[in-house]
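Thanks for making the time this morning. I would like to walk through one model with you, going from a single strand pairing out to the chain as a whole.

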Amino acid sequence: MSQSEQVLNYPMPSEAALEPPAEWAELRQGCPVARIKLPSGDEAKLLTRYEDVKQVLADPRFTRLLNAPDAARLSANDDGGLFGSEMAAIIPDSGEGHLRWRRLIGKYFTAKRMAALRPAMTEIAEQLIDDMVKRGRPGDLKASLGFPLPVYVICDLLGVPAADRDRFAYWSDTLLNLTKFGQAEIDAAQAAFFQYMSDHVAGKRAEPGDDLLSELIKESATEGEGLSDLELLVTGMALLVAGHETTANMIGKMVSMLLADRAHWERLLADPSLVRSAVEESLRFDANSGFGLPRYLKDEIEVSGTVLPRGTTVICSMAAANRDEGVFDQADDMDLSRSPNPHLAFGSGAHSCLGQSLARTELQVVLEVLLRKLPSLELAVPVEELDRVDGLVVGGLREVPVRW
């Protein structure tokens, strides 16, 4: 059976938590449009080449929503996972409605606004690291720093109590894990999350604060083209999930990658000006970035010489595309000074990650503070013993044991 005829199980396992599956390079070379079977049992196509992934992600004709009758389901749950849920369809996916939503939300996540948050982020990171050190060695960098920092930041932006962070973590997990939960538990968790955010939005409407949701409520009342109550509610939920889960996992992976080869850490200690490019290279080099982004093809398209008919579900693997040797010299080497670095970690086109400036700022702050406060930081276990979190859409490590 040729590569193009094989149906590969997806996601593909790798031998180590920080290493890419061996199939990626083989597929990019010989079968850039591959047949895959998803956790649901449904079949889809997998794209692994940089130009193909960028082309499909940037094409406004294709939707992230998997709610069409012939769309593949990512998971075996009733709604097929996050992208097939009714909630996902509430935020406009295309056209003027989508542009309006991005305009309204995007102005709160500009690089300038994130720079203004940097001192507060630094203070939080320093306190969290001090607390980890007080508890003694070894520590879990993910639990001590990776998870709480983005939670504190996004909760502050949304005016939500950070004390509820464990509830947010659980609700996010039920949304983002494709294999861990049964349908009844997912339904109950999402109902609780929906009610929580509904009460929160109502509270902000009654008593506005100095936060993003209060500002959006104010704009919706005065400008006439703001968000509906339901859009406000789902936007709050989406920002809360996206604002902490992806970055929390990326912090742990980034530090693990930089400590896996001590030469990387020593280079940053010698030249902290490399922090920004090191963050970008960590995003590119991340082989454990999760599921990839699905797209449902509303029109026929040709990709790498393969005609994909209307109704096809495609999984765009940004992580595989970021290792494309045709775009990145020495793609399988981590080069902390790589420039330019046009990686696709945040997607491409109209649906590129809205919070990428926030994520970049948090990752830079974490690295700056760790280099300054814990220059002797090292992994407390061999890199081969790091464990992935199975089934998680955004990818991640169970824990990041460190000593100093």
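**A small sheet, a buried helix and the core**

Let me start with one pair of residues: Leu379 has Val402 as its bridge partner, and Val402 lies in β10. Please keep in mind throughout that this is a predicted model. The strand β10 covers residues 401-403, and two bridges join it to β9, with the two strands running antiparallel. Together with β4 they make an open sheet of three strands, in the order β4-β10-β9, and the pairing is antiparallel. Which strands stand at the edges? They are β4, residues 139-140, and β9, residues 378-379, and because each has a single partner strand, one side of each is left without a neighbour in the sheet. As a general reminder, strands of a sheet pair through backbone hydrogen bonds, either parallel or antiparallel.

From there I would like to turn to helix α6, residues 148-158, where nine of the 11 residues are buried, so that the helix is largely enclosed by the rest of the structure. Among those buried residues are Pro148, Leu149, Pro150, Val151 and Val153, as well as Ile154, Cys155, Leu157 and Leu158. After α6 comes Gly159, which has a positive phi, near 70 degrees.

Since Cys155 sits in that helix, let me say a word about cysteines, which I expect some of you would ask about. A search of the whole structure for disulfides finds zero. For Cys155, which is in no disulfide, the nearest cysteine sulfur belongs to Cys353 and is 17 Å away. Cys155 counts as buried, at 1% relative accessibility. Cys316 is likewise in no disulfide, and the nearest cysteine sulfur to it, that of Cys31, is 15 Å away. The relative accessible area of Cys316 is 0%, so this residue is buried.

Now to the nonpolar interior. Which residues touch the most other members of the largest nonpolar core? Of its 110 residues, these are Leu367 and Leu370. Helix α10, residues 229-260, supplies the largest share of this core, with 15 residues. If we leave out residues up to four places away in sequence, Leu370 touches Ile129, Leu141, Leu145 and Val255, and also Trp265, Pro375 and Leu377. Another core, of 18 residues, lies apart from the largest one, and its members include Val303, Leu308, Met318 and Ala321.

One more local site, for those who like to look at single side chains, is Ser214, which is placed in helix α9, residues 212-222. Is Ser214 buried or exposed? Its relative accessibility is 3%, and because the cut-off for buried is under 20%, Ser214 counts as buried. Beyond its neighbours within four places in sequence, Ser214 is in contact with Lys204, Pro208 and Gly209.

Finally, let me step back to the whole chain, which has 14 helices and 10 strands. For 404 residues, a compact globule would have a radius of gyration near 22 Å, and the 21 Å of this protein chain agrees with that. Its C-alpha atoms fill a box of roughly 55 × 55 × 40 Å along the principal axes, and 54% of the 404 residues count as buried. Among contacts with a separation of 6 or more, 72% are between residues 24 or more positions apart. The accessible surface comes to about 17300 Å², and carbon and sulfur atoms account for 50% of it.

Definitions and conventions. Residues numbered from 1 in each chain as written. Predicted model: local features only at pLDDT ≥ 70, side-chain atom pairs only at ≥ 80, totals over all residues. Heavy atoms only, no water. Disulfide = S-S within 2.5 Å. Buried < 20%, exposed > 50% of the residue type's maximum accessible area, 1.4 Å probe, protein only. Core = buried A, V, L, I, M, F, W, Y, C linked by side-chain atoms within 4.5 Å. Helix = DSSP H or I, 4+ residues; strand = E, 2+ residues; numbered from the N terminus. Contact = heavy atoms within 4.5 Å. Rg over C-alpha atoms; globule rule 2.2 N^0.38 Å. Areas by Shrake-Rupley, 256 points an atom, 1.4 Å probe, with all protein chains shown as cover. Pairing = 2+ DSSP bridges.
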